[in-house]
Amino acid sequence: MKFAAIIVSLGVAVAMFGAHAAVVPVAPAVAVSTNYDPLPQYTYAYNVQDALTGDSKSQQETRDGDIVRGSYSLVEPDGTLRTVIYTADPVNGFNAVVQRGPLVPKAVVPVAAGPAVLAPAPVLFVASLVAAAVASPVYGPLSYGPALSYGYAAKAIQPLHTVAAAPVLHAAPAVVAAAPILKHVEPYDPNPHYSFSYGVSDPHTGDSKHAEETLSNGVVHGSYSLTEPDGTIRKVTYTADKIHGFNAVVEKSGHAIHTAPVLKKVVAAAPLVHAALPYYHH
């Protein structure tokens with residue numbers, strides 16, 4: 001009897017546990033792309049040296065698997081050369097070393113300047129020194145005039161002695177030559193030249209065009225072409241210089257394709273007819 005009771009209790013516990021068991025969702029299967037490259041690799045580099053604008057910079061970078069190595073350099077506004085060498089990988093992350101080089105010499109053209117005349121030194125005037133030598137004190141009023149004057153005193157009167165004034169000294173103006181002003185002059189290219197071209201041919205959108213242009217000895221030569229909506233090709237060839245200005249020749253080639261307009265058939269809807277309800281007379 002006890003054995004049967006234990007079995008019944010165990011069955012009830014299992015039933016209760018099963019009723020409260022959590023349901024774990026199963027993650028959906030994710031499709032794995034078959035275009036995975038286990039060892040990606042690339043390398044690129046570029047360099048710019050423009051003597052007209054002073055633009056000077058370069059960069060290069062290489063990837064081999066998960067390791068990237070590269071460097072770039074540029075000229076700072078103060079003329080120093082800054083170079084950055086860097087590496088990157090999943091273990092050490094990104095690391096860079098910055099180096100600064102010496103000053104890049106720039107052309108300095110002295111500009112002649114006229115002599116700077118400084119303000120003259122102040123003029124010094126030496127006052128006249130008049131010394132009156134009197135043997136004894138003088139009593140009574142004194143009169144002044146161009147001639148010698150005598151006063152009245154109880155004792156003998158001695159004439160006044162006039163000492164000649166010292167000459168007036170005028171300081172000569174000091175002229176100091178100013179140092180030449182140094183002016184920075186950007187380098188000038190008397191014969192600039194360049195050349196570029198590009199082309200587009202997209203069969204999916206129908207876009208088809210190209211252009212090319214060259215500057216040499218002060219003359220620009222170039223051309224471009226494109227496909228018109230009617231299927232013809234328009235080509236423009238041009239030249240430009242300071243004497244003849246801009247001149248262009250336009251050419252069209254190919255046969256125009258005119259597509260017939262698409263006509264849509266319009267079906268008129270049948271008129272709606274409302275049936276009259278039957279009328280019963282009583």
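Glu228 is buried, at a relative accessible area of 18%. The cut-off for that label is under 20%, so Glu228 falls inside it at 18%. In this predicted model, the side chain of Glu228 meets that of Arg234 in a salt bridge, with 2.6 Å from N to O. Arg234 is partly exposed, and its relative accessible area is 25%. A buried acid is thus paired with a partly exposed base.

Salt bridges that share partners also build a network. Glu76, Asp78, Arg82 and Arg100 are joined in this way. Within that group, Glu76 forms a salt bridge with Arg82, and their closest N and O atoms are 2.5 Å apart. Glu76 is buried, with a relative accessible area of 18%. Arg82 is partly exposed at 24%.

Another pair is Asp55 and Lys57. Their closest N and O atoms lie 3.7 Å apart in a salt bridge. Asp55 counts as partly exposed, at 30% relative accessibility. Lys57 is also partly exposed, at 35%. Side chains of opposite charge can pair when their charged atoms come close. The structure holds seven salt bridges, and the table lists three of them.

| Acidic residue | Basic residue | N to O distance |
|---|---|---|
| Asp55, 30% accessible | Lys57, 35% accessible | 3.7 Å |
| Glu76, 18% accessible | Arg82, 24% accessible | 2.5 Å |
| Glu228, 18% accessible | Arg234, 25% accessible | 2.6 Å |

Now the surface. Tyr194, Phe196, Tyr198 and Val200 form a nonpolar patch there. Together these residues have about 370 Å² of accessible area. Val200 lies in strand β8, which covers residues 194-202. Val200 is partly exposed, with a relative accessible area of 32%. Patch residues need over 30%, so Val200 passes that cut-off at 32%.

Last, the chain as a whole. The protein chain contains one helix and twelve strands. Along the sequence, the pattern reads α-β-β-β-β-β-β-β-β-β-β-β-β. The helix comes at the start of that pattern, and the strands follow.

The chain has 282 residues, and 10% of them count as buried. Its accessible surface comes to about 24,000 Å². Carbon and sulfur atoms hold 66% of that surface. Among contacts with a separation of 6 or more, 24% join residues 24 or more positions apart.

Definitions and conventions:
Residues are numbered from 1 along each chain as its sequence is written. This is a predicted model: local features need pLDDT of at least 70, side-chain atom pairs count only at pLDDT 80 or more; totals for chains, interfaces and linings use all residues. Side-chain values use heavy atoms; hydrogens and water are left out. Patches are made of residues with over 30% relative accessible area and no salt bridge: like charges are joined within 9 Å, nonpolar side chains (Val, Leu, Ile, Met, Phe, Trp, Tyr) within 5 Å. Accessible areas come from the Shrake-Rupley method with a 1.4 Å probe; for residues, only the protein chains shown count as cover. A salt bridge is a side-chain nitrogen of Lys or Arg within 4 Å of a carboxyl oxygen of Asp or Glu. Helices (H or I, at least four residues) and strands (E, at least two) are DSSP runs, numbered from the N terminus. Buried means under 20% relative accessible area, exposed over 50%, partly exposed in between (1.4 Å probe, protein chains only). Contact means heavy atoms within 4.5 Å.
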